[in-house]
Amino acid sequence: MKSYINTDNTQISEHFNVQEFKCKCGNTHDILIDTSLIDKLEKLRAALNCSKIIVTSGYRCTKHDAFVSTGNGQHTKGTAADIVCYGQDGKPISSKLVCCKAQDLGFTGIANITSDYDRTHVDVRSSGKWYGNEVCGNGNVTSDFYNYYGIIRNDSRKILVKGIDVSYAQGNINWSHVKTDGVKFALIRAGYGKELSQKDGQFENNYAGCKSNGVPCGAYWYSYAKSAEEARQEAKTCLQVIGGKTFEYPIYFDLEEPSQFELGKKICSDMVQAFCDEIEKAGYYSGLYCSTSYLDSHISDSIKNRYAIWVAQYNDKCTYTGDYGIWQHGAAGHPEYDFTNTGSIPGVDGQCDLNYGYIDYPDIIKKYGLNGFSKPDSKSDIEEPKSEKSTLEQILDHVASIDNKLS
Ligand SMILES: [Zn+2]
Ligand SMILES: [Zn+2]
């Protein structure tokens, strides 16, 4: 808990300023703000991919709280905020979704406030838990917002397609067998490091196999960079390898070397930005492959929200709370990591990583003429994606981000 004088305009975190939490009573008393409230608000902002969060009410003195509420609520302790979360389209995000995400992030007091479902109360009370919906009266307390509002959890989002990722390690792959097994996409290792000689030994074979069997593919580059400049060099080498080809899926920066994470969050984030920026400038949709734990600890929110995320977590559920397009959930041929009892992928000898795809990348990439594809001539060629709303919303978010990237 911190106390600030009334005129203090300290930037307390990347996106929040003391003044936003000032009491609305008009007097010049101090402002109380709990630091864990700010920490959670930043996480909520990232998890919902907000363009902004407006705090409509933060700290309240007891007098003002008595005027608008009970006079001794969480707002008087500096542990609460009433907020409106805005999406990348500039419109308020439904309070129903905000409540669900706030629940995931461990806010202990959460409630929808308005009948328009655009304003949400969140707090970090230290004792007990309160989930409410003030529209239905304060007695209407829920134990799980996902159930209450009928919202599908992020980790059980509708899987669009199943895919695999491969490298020289799988040797010669029989892509026609892979195709008939129902594998809908493949992410192929293009190479590693800075040198052209480090092109993956099976890249050309795998690419040709995907193309001749109609398996949509993307590529990834295994990084050994130790600085943004080295990551940029890796991107240039990657571009030499992938040039002249077409990819229906993004081109990913593969960040997983322990010696890279030792460099800290700033350098890791800078390296991702440098690589992805270089790839984007050449007209490709770029992204990051990284594990949930390192995405949480070593990549800044702005980078996570900016590029396509391919999250790795060998588990029966993905706990990454940010947005992601692909989840690498396990490995066939590896008893410990084969959570779906896949056993093996026909056409691939031995172990093979398994992925779920949640976003229709081929549609987006072709529509916008990225990754070696040429842009369709007229707008009439663009069809509305025929997906359920949550998926459509994700696609539109990504389309909007591509527009920003290319403008
Ligand atoms: Zn006041
Ligand atoms: Zn409130």
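A residue counts as exposed here if 12 or fewer other C-beta atoms lie within 10 Å of its own, and as buried if there are 20 or more. That cut-off sorts out helix α6 in this predicted model. On the face of α6 turned away from the buried side sit Ala 208 and Ser 212, both exposed. The buried residues of this helix, which spans 203–213, are Phe 203, Asn 206, Tyr 207, Gly 209 and Cys 210. These five end up on the same side of α6 because the arc they cover around the axis is only 160°.

What do the buried residues of α6 pack against? Their partners are a mix of strands and helices: β8 (161–166), β9 (185–192) and β10 (217–222) on the one hand, α5 (175–180) and α7 (228–242) on the other. Just after α6 comes Gly 214, with a positive phi of about 65°.

Two of those strands, β8 and β9, also pair with each other. They run parallel and are joined by four bridges, with Asp 165 partnered by Leu 187 in β9. β8 has a further link, this time antiparallel, to strand β15 (residues 352–357), and here the bridges number five. In that pairing, Lys 162 stands opposite Tyr 356 of β15.

Helix α7, already met as a packing partner of α6, has business with helix α9 (residues 265–281) too. The axes of α7 and α9 are 8 Å apart and meet at an angle of about 30°. Angles under 35 degrees count as roughly parallel, and the two helices are therefore described that way. The crossing of α7 past α9 is right-handed. On the α7 side, the contact is made by Ala 228, Ala 231, Arg 232, Glu 234, Ala 235, Lys 236, Cys 238 and Leu 239. Facing them from α9 are Asp 270, Met 271, Ala 274, Phe 275, Glu 278 and Ile 279.

Turning to the earlier part of the chain, there is an open sheet of five strands with mixed pairing, and its order reads β3-β4-β6-β5-β7. Strands β3 (52–57) and β7 (130–133) each have a single partner strand, so one side of each is left without a neighbour in the sheet. From one strand to the next, the twist averages 25°. Within the sheet, β4 (residues 80–86) and β6 (residues 120–123) run antiparallel and share four bridges, and Ala 80 is found opposite Asp 123 of β6. Helix α3 (residues 95–104) lies across β4, β6 and β5 (109–112), at about 170° to β5.

Two loops attached to this set of strands hold residues with a backbone quirk. Asn 49 sits in the loop between α1 (35–47) and β3, and its phi is positive, about 50°, although it is not a glycine. Tyr 117 lies in the loop between β5 and β6; its phi, near 55°, is likewise positive in a residue other than glycine. Are these residues buried, exposed or in between? With 19 other C-beta atoms within 10 Å, Asn 49 is partly exposed. Tyr 117 also has 19 C-beta neighbours inside 10 Å, so it counts as partly exposed.

Note on methods: Residues are numbered from 1 along each chain as its sequence is written. Chains are lettered from A and ligands numbered from 1 in the order in which they are written. This is a predicted model: local features need pLDDT of at least 70, side-chain atom pairs count only at pLDDT 80 or more; totals for chains, interfaces and linings use all residues. Two strands pair if DSSP finds at least two bridges between them. Axes are lines fitted to C-alpha atoms, for helices over the stretch in contact, and angles run from 0 to 180 degrees between N-to-C directions. Two residues are in contact if their C-beta atoms, placed from the backbone, lie within 7 Å. The arc is that of the directions from the helix axis to the C-beta atoms. Angles under 35 degrees count as roughly parallel, over 145 as roughly antiparallel, 65 to 115 as roughly perpendicular and the rest as oblique. A crossing is left-handed if the near helix is turned anticlockwise from the far one by less than a right angle, and right-handed if clockwise.
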